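Biologist: I'm new to this one, so could you walk me through it and tell me how you decide what to call things?

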Amino acid sequence: MPMTSACESDSTTRHAQLPPRSSERFACPRIVTTPHGEVVHTADGRELVMRDIEPGDIAAIQRCFKRLSPQDVRRRFMHAMSELPPSMAQRLCRIDPAMEAAYVLMDETVKPAELRGVGRIYVDEASNTAEFSVLVELEWTRIGLGALLMQRLVDESCRRGLSELWGYVLMENRPMLQLCKEIGFVAKMVPGEAGTAQISLALQ
């Protein structure tokens, strides 16, 4: 996909479209829009609800963190963490809509509802760019949810008229690097940070 076309769409579609996944394990989830939100049906028959993050998600995001492996934590936060402090959980859920956007995938088939994935952007007004992050719980990976969240982040960045979407990814995180490569991100090593790449996608 040309780097200059990430925000382009034809008259038949409302969203910038990601390319097809390179493997069947990235089967695209099906989304049904209802009066109560967007219901996501995965290829293996599971159901999630995708919506904006809310202040009431603090407990769910803390429970999600406890289910993450040390490797998942390091890949998401770029360093080891044994727990998610309450102040950080509050900060992650109580966002500034003018400078951030965050979308969660909620599993409402269990009580209390559990957070299975989250994608977010942080806008840098000075550079008209945004940093992104995506996390999907291990047992919910390889069914297209990471690609779904990335699609939403690309769409939101385009809607805001941003010029670039970027993020830091550990080189060991091959699934994320492969997904971003398919979308059109360009990777470069971070000077002085062995094993870390900065990936970027031009939007305009």
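Biologist: What covers the buried residues of helix 5?

Modeller: Among what covers them are strand 6, helix 4, strand 7 and strand 9. Bear in mind that this is a predicted model.

Biologist: And which residues of helix 5 are buried?

Modeller: Met 176, Leu 177, Leu 179, Cys 180, Glu 182 and Ile 183. They are called buried because each has under 20% relative accessible area. Just after helix 5 comes Gly 184, with a positive phi near 125°.

Biologist: How much of the protein chain is buried?

Modeller: Of its 204 residues, 48% are.

Biologist: What is the order of elements along the protein chain?

Modeller: Starting at the N terminus, you read β-β-β-α-α-α-β-β-β-α-β-α-β-β. That gives five helices and nine strands.

Biologist: Why is helix 1 called oblique to helix 3?

Modeller: Helix 1 (residues 58-67) and helix 3 (residues 86-93) pack at about 120°, and their axes are 9 Å apart. Roughly perpendicular covers 65 to 115 degrees and roughly antiparallel starts over 145. The angle of about 120° fits neither, so helix 1 counts as oblique to helix 3. The crossing itself is right-handed.

Biologist: Which residues make that contact?

Modeller: From helix 1 you have Ile 58, Ile 61 and Gln 62, and from helix 3 Pro 86, Ala 89, Gln 90, Leu 92 and Cys 93.

Biologist: What makes up the contact of helix 1 with helix 3 by class?

Modeller: Six residues are nonpolar, two are polar and none is charged. Gln counts as polar because it is on neither the nonpolar nor the charged list.

Biologist: Which members of the largest nonpolar core touch the most others?

Modeller: Phe 132, Leu 145, Met 150, Leu 165 and Phe 185, out of 34 residues. Helix 4 gives the most to this core, with eight residues. Elements that each supply at least two include strand 3 (47-52), strand 5 (114-124) and helix 5 (174-183).

Biologist: What makes a set of residues a nonpolar core?

Modeller: The members must be buried, come from the nonpolar types listed for a core, and be joined through side-chain atoms within 4.5 Å. A second, separate core has 18 residues, including Ala 60, Val 73, Ala 102 and Leu 115. In soluble globular proteins, nonpolar side chains tend to be buried together.

Biologist: How many of the contacts link residues far along the protein chain?

Modeller: Among contacts with a separation of 6 or more, 62% join residues 24 or more positions apart.

Note on methods
Residues numbered from 1 in each chain as written. Predicted model: local features only at pLDDT ≥ 70, side-chain atom pairs only at ≥ 80, totals over all residues. Heavy atoms only, no water. Axes fitted to C-alpha atoms, helices over the stretch in contact; angles between N-to-C directions. Helix = DSSP H or I, 4+ residues; strand = E, 2+ residues; numbered from the N terminus. Parallel < 35°, antiparallel > 145°, perpendicular 65-115°, else oblique. Left-handed = near helix turned anticlockwise from the far one by under 90°. Contact = heavy atoms within 4.5 Å. Buried < 20%, exposed > 50% of the residue type's maximum accessible area, 1.4 Å probe, protein only.
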